[in-house]
Amino acid sequence: MEIKQLYKLYLEHPVITTDSRQLTPGSIFLALKGASFNGNLFAQDALLKGCSYAIVDEDVDVSEQLADRVIRVDDCLQTFKLLAREHRRQFSIPVIGITGTNGKTTTKELVAAVLAQRYNVMATEGNFNNDVGVPKTLFRLNSSHQIAIVEMGASHPGDIKTLVETAEPTCGLITNVGRAHLLGFGSFEGVKKTKGELYDFLAARNSLVFLNADNEHLAAMAAERNITNIYRYASSNQHQPRVVGEVVSCAPLLRFRWRLNDEVQGASCQQPWHEVQTNLIGTYNLDNLLAAISVGLHFGVEPGDINRALEAYRPSNNRSQLEHTASNHLIVDAYNANPTSMAAAIDNFQRMEVSPKMAILGKMGELGEVWEEEHRKVIARLQQANFDCVWLVGEEFLGVESPYRRFADVEEVKAAIAEEQPKGYYILIKGSNSVKLFQLKDLL
């Protein structure tokens, strides 16, 4: 069955479910496979529970009366992506693609908050940014939406190419590129090549790129592709950005100001500064905020509405959160960690105008053969920062020389907290999600 035929079937049964335990009666069951599951094995169960059809990519054992409701394809995941693309093509609205090593989810949420001041926005929920999450996101599109924001993640070469060919963004941005998922990418050059697949797609269509002009890697990547349709933002006028911004304070929440660059705008007088108090931790979030401002301005959101959206936004999901407990003040950034984001978190914490400071840092995963080098760099950076107390968690930190207290896992940290009960600290909690440092919040 061709994709257009399958899509017509979808229009008659406009819900696709990939989990037979959580299905909608009358929906289409699509049998995805993973390392520890095979949806094909549940095709009959899904049909018996009320699904109208089951799409499979293996021979399945179903009763004779159900056989005509089973559709065989070569690859269910590829079919899922092609169906999602067909659905996306029904909507002639702007689709903003966002990727990057760090900050893509926060940037996506900030952009969504800003655009929601003027438009009905459909944006990626949570971290549904992979080859299953992006199609699920696209299927949420309906006729009420005026603009869409699709976050795209990657851990292997070619991942972004696959996702942009599914989502077909009309414009987009890369937040940054850093040393993350090196086990999958092989090298930093592999990271840049894969993230740059968004630029490849946009450049081929002369579509707009929102560019952090301060980031030399991104600027070089855009230049290599001869991208000229660019909306620049930066923290200085050096590269002639259309939007310029700077940090005002971080004590501990980030306060910044921004303005249109009159040199680029061709204004007869200097453009006014807009000062914004955010609920975000981290000077590194300035780039994410300027990206959201740039997207908002391009799509006609008024500066006052942009400021209100940014001031009202509150982070969640253990990203750049400030939480006050009865005993301490917690800077929670425990969703993920890589060398780039770890360095930014430590540097920002060092600059924060608070005291005393304690850092509980977890290992960084998926670094391949450079794991030892990168964890040594973290320790060196910590020594320069000179925090009052540092705890390091995970086997990688146990494997390198360190002057700091070390723990094998989060359970050992919990025991130490119960015994010593740290009080009065500003505490940075940062590490890969697998270390589960987010479990410490309720104990501190």
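**Note on two sheets and their helices**

1. An open sheet of 9 strands follows the order 6-7-5-8-9-10-11-12-13, and its pairing is mixed. The edges are held by strand 6 (121-123) and strand 13, each of which has a single partner strand, so one side of each is left without a neighbour in the sheet. On average, and with direction ignored, neighbouring strands of this sheet are turned by 20 degrees against each other. The model under discussion is a predicted one.

2. Within this sheet, strand 10 (residues 230-234) and strand 11 (residues 243-250) run parallel and are joined by 2 bridges. One residue pair may serve as an example: A234 has V244, in strand 11, as its bridge partner.

3. Two helices should be considered together with this sheet. Helix 10 (residues 216-224) lies across strand 8 (171-174), strand 9 (208-212) and strand 10, and runs at about 150 degrees to strand 9. Helix 13 also packs on the sheet, where it touches strand 12 and strand 13; the direction of helix 13 makes about 25 degrees with that of strand 13.

4. Which residues of helix 13 are buried? In this helix, which spans residues 303-312, they are I306, N307, A309 and L310. These residues lie on the same side of helix 13, because they cover an arc of only 165 degrees around the axis. The face turned away from the buried side carries R308 and A312, which are exposed. The buried residues are covered by several elements, including helix 4 (104-115), strand 12 (253-260), strand 13 (274-281) and helix 12 (285-298).

5. The packing of helix 12 with helix 13 deserves a separate point. Two packed helices are described by the angle between their axes and the distance between the axes. Here the angle is about 145 degrees and the axes are 10 Å apart. The crossing of helix 12 past helix 13 is right-handed. On the side of helix 12, the residues that meet helix 13 are L289, A292, I293, G296 and L297; their counterparts in helix 13 are P303, I306 and L310. The residues of this contact comprise 7 nonpolar, 1 polar and no charged.

6. An open sheet of 6 strands has the order 14-15-19-16-17-18, again with mixed pairing. Strand 14 (321-324) and strand 18 (405-407) are at its edges; each has a single partner strand, so one side of each is left without a neighbour in the sheet. The average turn between neighbouring strands is 20 degrees, direction ignored. Strand 14 pairs with strand 15 (residues 329-333) in the antiparallel sense over 4 bridges, and H324 stands opposite H329 in strand 15.

7. Which strands does helix 14 touch as it packs on the sheet? They are strand 15, strand 16 (357-362) and strand 19 (426-430), and the direction of helix 14 makes about 175 degrees with that of strand 19. Helix 17 (residues 410-420) packs on the sheet as well, touching strand 17 (389-393) and strand 18, with its direction at about 150 degrees to that of strand 17.

8. A final point concerns one residue of helix 14. Q350 is located in this helix, which covers residues 339-351. Its relative accessible area is 37%, so Q350 is partly exposed. Although Q350 and A385 are 35 residues apart along the chain, their C-alpha atoms are separated by 5.7 Å. If residues up to four places away in sequence are not counted, Q350 touches K357, Q384, A385 and F387.

Methods:
Residues are numbered from 1 along each chain as its sequence is written. This is a predicted model: local features need pLDDT of at least 70, side-chain atom pairs count only at pLDDT 80 or more; totals for chains, interfaces and linings use all residues. Side-chain values use heavy atoms; hydrogens and water are left out. Buried means under 20% relative accessible area, exposed over 50%, partly exposed in between (1.4 Å probe, protein chains only). The arc is that of the directions from the helix axis to the C-beta atoms. Contact means heavy atoms within 4.5 Å. Axes are lines fitted to C-alpha atoms, for helices over the stretch in contact, and angles run from 0 to 180 degrees between N-to-C directions. A crossing is left-handed if the near helix is turned anticlockwise from the far one by less than a right angle, and right-handed if clockwise. Ala, Val, Leu, Ile, Met, Phe, Trp, Tyr, Cys and Pro count as nonpolar, Asp, Glu, Lys and Arg as charged, and the others, Gly among them, as polar. Two strands pair if DSSP finds at least two bridges between them.
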